[in-house]
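Subject: Structure for your files

Dear colleague,

Here is the structure I said I would pass on. My notes on it follow below the model.

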Amino acid sequence: MKQLSIFLPIFLMPLLLLAQQTLDPKFEKKIEELIEHSVPVISCERLEQKVNTPNLYLLDAREKKEYETSHLKDAVWVGYDTFSPERLTTVPKDGIVVVYCSVGYRSEKIGEQLKKMGYSRVYNLYGGIFEWTNRTYPLVNLQNEVTTKVHAYNRDWGRWLNKGEKVY
């Protein structure tokens, strides 16, 4: 049994790393420079498979203008600079919470705050809405219509967005 407990983590580690990979190794390097992994990450593939899971809540940690351009379906806007716990009234503390932003930095910081507030199942979307879009998963606008527009934050950050229509 002891051998199995040693073998299992060694066996699972490559699978966990694979689940976090982005389509662009340079983008992945940038993400790894930005985030501290203080909040567990979830890959875009995994989230796409689980998006209809009961008790799953998506929180958009970008600013209002970014959210209004497009967001993941059913995501609740919580903001970053303007983050306020009052926006979480529909999100139970025992819910599965996935926070995202453009690439993962702002969402990790909001995730840290959520954990301090007592949310126990908080995840950061690895690569954020940029990676979600690069993998051609759907986005919606304020009218809940599918869109390809993505707020690219600024031209420097927008270089990591390889699919979709960039909006600044």
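In this predicted model, Leu 47 touches Ile 42, Leu 56, Leu 58, Leu 72, Val 98, Leu 125 and Trp 132, not counting neighbours within four places in sequence. Leu 47 belongs to the largest nonpolar core, which has 28 residues. Leu 47 is also among the residues with the most contacts inside that core, together with Leu 72, Val 98, Leu 125, Ile 129, Phe 130 and Trp 132. At least two residues of the core come from each of α2 (25-34), β1 (41-42), α3 (44-50), β2 (56-60), β4 (96-100) and α6 (128-134). There is also a second, separate core of 14 residues, and Val 39, Leu 114, Tyr 119 and Val 122 are included in it.

One of the strands that feed the largest core, β2, is mostly covered, with 4 of its 5 residues buried. β2 pairs with two strands. With β4 it runs parallel, and 5 bridges join the two; in this pairing Tyr 57 has Val 97 of β4 as its bridge partner. With β3 (residues 76-77) β2 also runs parallel, here through 2 bridges, and Leu 59 is partnered with Val 76 of β3. As a general point, side chains in a regular strand alternate between the two faces of the sheet.

Two cysteines may catch your eye. Cys 44 has a relative accessibility of 2% and is therefore buried, the cut-off being under 20%. Cys 101 stands at 1%, so by that cut-off Cys 101 is buried as well. As for disulfides, the count for the model is 0, the criterion being a pair of cysteine sulfur atoms within 2.5 Å.

Some totals for the whole protein:

- The secondary structure consists of 7 helices and 9 strands.
- Of the 168 residues, 44% are buried.
- Of the contacts between residues at least 6 apart in sequence, 66% link residues at least 24 apart.
- The exposed area is about 9,400 Å², and 56% of it is supplied by carbon and sulfur atoms.

If you open the model at one place, I would suggest Leu 47, with its contacts to Leu 72, Val 98, Leu 125 and Trp 132 among others. From there you can move to β2, which is joined to β4 by 5 bridges and to β3 by 2.

Regards

Notes:
Residues numbered from 1 in each chain as written. Predicted model: local features only at pLDDT ≥ 70, side-chain atom pairs only at ≥ 80, totals over all residues. Heavy atoms only, no water. Core = buried A, V, L, I, M, F, W, Y, C linked by side-chain atoms within 4.5 Å. Buried < 20%, exposed > 50% of the residue type's maximum accessible area, 1.4 Å probe, protein only. Contact = heavy atoms within 4.5 Å. Areas by Shrake-Rupley, 256 points an atom, 1.4 Å probe, with all protein chains shown as cover. Pairing = 2+ DSSP bridges.
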